[in-house]
Amino acid sequence: MSIRLFNTLSREIEEFKPSGGNSVNLYTCGPTVYDTAHIGNLRSYIFADVLRRALQYNGYKVRWVMNITDVDDKTIKRSVEQYGSKATPKELREYTDKYFEEFKKDLEAVNIPTDSENITFIRVSDKIEEIKDFIKKLIKLGYAYKTGDGVYFSIETYQKKFGDYGGLVGPDFLEGKEVGARVKVDEYKKEDLSDFALWKKQDESDGNIFWEDEELGNGRPGWHIECSVINKVAFGGAPTDIHTGGVDLIFPHHTNEIAQSQPIYKPFVNHWSHNEHLLVDGKKMAKSEGNFYTLKDLEKEMPDAGMAFRYLTLLTNYRKQMNFTMTALKAAKSGLESLSNYRFNEPFQYVSDTNYEDAFREDLNDNLNTAGSLGVFYMLVGYKGVEPLADKMADTLGIKFLTPEKEAEIPPNVKELADEREKYRGSKQFVKADELRKEIDALGFIVEDTVKVESVVKIEESPEGPIIKPKK
Ligand SMILES: [Zn+2]
């Protein structure tokens with residue numbers, strides 16, 4: 001049985017076949033490291049990670065590459081704001097290092113491993129020479145032209161040769177649109193269809209952030225060209241089997257990636273996979289709306305927020321909009337806790353003859369129906385004798401069980417003090433009892449008196465006595 005995936009380019013669910021036998025080249029557009037990633041970004045990376053794990057579950061060897069955009073309009077603007085107009089590529093690197101490190105921590109928190117065994121990160125600032133060469137080739141082939149402020153890609157020339165510009169958006173994308181205008185900024189809308197910048201000559205707003213080049217002029221690459229070049233560099237010119245990203249990247253970013261790449265190497269990408277947006281409280285996330293969350297914000301609400309968030313994203317298919325609410329996150333956390341309890345507490349006797357593994361695979365391979373797979377996993381996880389299978393399913397979905405809180409060991413001297421304190425409390429000698437509480441505190445433990453709730457009006461001390469635990 002093989003995996004079936006929706007391909008944005010053909011607009012159909014296709015049976016996935018890699019170009020190179022058993023190995024899959026997987027590419028994901030990574031973050032622009034100018035600020036902390038938000039949970040909408042994280043949904044996109046969790047989707048790509050589930051895809052990676054699903055491919056591995058099907059026996060493929062996956063090489064997963066993600067670019068890190070540390071050179072673009074936003075990172076340069078922020079670096080100049082922080083370091084002033086004297087900022088050079090060195091300061092840009094320093095500024096973006098911080099957010100790259102933060103990003104890796106966020107990934108780890110949602111159980112996306114960041115070690116080189118599982119993923120290769122490629123920073124744009126490490127590939128400037130390769131990008132320059134690529135642009136020069138496009139100029140030589142006639143697809144790019146120089147202007148006073150940089151180098152632009154000619155959609156008209158491309159269209160004459162390939163005739164498929166905008167095909168990723170839809171077959172009639174160019175209908176009624178005029179080509180020939182130019183746009184310098186990295187991000188723009190479909191209505192502003194234009195020749196886009198491959199290389200931008202340095203101007204005042206860039207400070208001293210530029211790379212020297214005689215032919216192109218001192219400057220830096222545009223955003224879209226970075227990914228074309230990094231795909232090529234990462235896979236040695238072999239096609240990218242699957243390219244992922246959020247739907248907001250279909251235009252202009254991925255549309256332009258295709259146009260830049262095809263004159264130099266074709267096929268560029270065999271399969272495009274895009275995940276839908278994440279909404280918060282039913283609305284598009286925006287700082288101005290007050291519904292903008294980073295993982296750190298969720299971590300303030302609860303421990304293990306990253307795992308709870310991952311669990312929550314699995315409940316919605318990646319091609320559907322997902323509505324995030326804090327209540328949904330809390331429910332997801334409870335779901336994860338139940339799963340963990342089933343796994344670690346006394347398991348049920350295994351009696352069912354359902355083939356859980358087939359059912360799990362069937363859902364997973366059906367365009368990543370993670371909610372279905374999770375349901376099968378949920379049914380199986382408590383049974384006795386299927387622990388290895390349960391662990392394999394957990395790993396395929398990237399679920400880490402929460403470890404049940406262990407009861408702390410209380411040293412005898414602390415226990416003695418606590419018992420003594422109880423006696424004083426029993427005889428209502430509260431000053432003495434309080435002195436002993438302070439002694440216990442100095443030893444690094446706290447005593448919490450428990451209560452028994454009989455009814456709304458009757459609350460009394462629990463017969464089980466107080467709880468003693470180490471201070472955090
Ligand atoms: Zn990209």
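**Exercise 1. Determine whether cysteine 227 and histidine 253 are buried or exposed, and describe the zinc site to which they belong.**

Solution. Start with accessibility, where buried means under 20% relative accessible area, exposed over 50% and partly exposed in between, computed with a 1.4 Å probe on protein chains only. By this scale cysteine 227 is buried, and histidine 253 is buried as well. The model is a predicted one, in which local features need pLDDT of at least 70 and side-chain atom pairs count only at pLDDT 80 or more, while totals for chains, interfaces and linings use all residues. Residues are numbered from 1 along each chain as its sequence is written, and side-chain values use heavy atoms, with hydrogens and water left out.

Next, list the donors, which are N, O and S atoms within 2.8 Å of the metal (3.2 Å for Na, K and Ca); water is not among the atoms, so sites may look incomplete. The zinc ion has as its protein donors Cys29 (SG), Cys227 (SG) and His253 (NE2), lying 2.1 Å from the ion. Along the sequence, these donor residues follow the spacing C-x197-C-x25-H. Because cysteine 227 lies in helix α6 (residues 223-234) and histidine 253 in helix α7 (residues 250-261), the pair ties together parts that are 26 residues apart in sequence. Helices here are DSSP runs (H or I, at least four residues), numbered from the N terminus.

**Exercise 2. Find how many aromatic pairs the whole structure holds, and classify the pair of tyrosine 158 and tyrosine 165.**

Solution. Rings of Phe, Tyr and Trp (its six-membered ring) pair if their centres lie within 6.5 Å, and planes under 30 degrees apart count as stacked, over 60 as edge-to-face and the rest as tilted. The search of the whole structure gives 22 aromatic pairs. For tyrosine 158 and tyrosine 165, the centres are 6.4 Å apart and the planes make 75°, an edge-to-face pair. Both of these tyrosines, 158 and 165, are buried. They belong to a cluster joined by ring pairs, whose members include Tyr143, Phe153, Phe162 and Phe173.

**Exercise 3. Classify the pair of phenylalanine 377 and phenylalanine 401, and locate each ring in the chain.**

Solution. With 6.1 Å centre to centre and 45° between the planes, phenylalanine 377 and phenylalanine 401 form a tilted pair. The pair links distant parts of the chain, since phenylalanine 377 lies in helix α12 (residues 370-380) and phenylalanine 401 in the loop between α13 (387-397) and α14 (412-426), 24 residues apart. Both phenylalanine 377 and phenylalanine 401 are buried.

Notes. Helix = DSSP H or I, 4+ residues; strand = E, 2+ residues; numbered from the N terminus.
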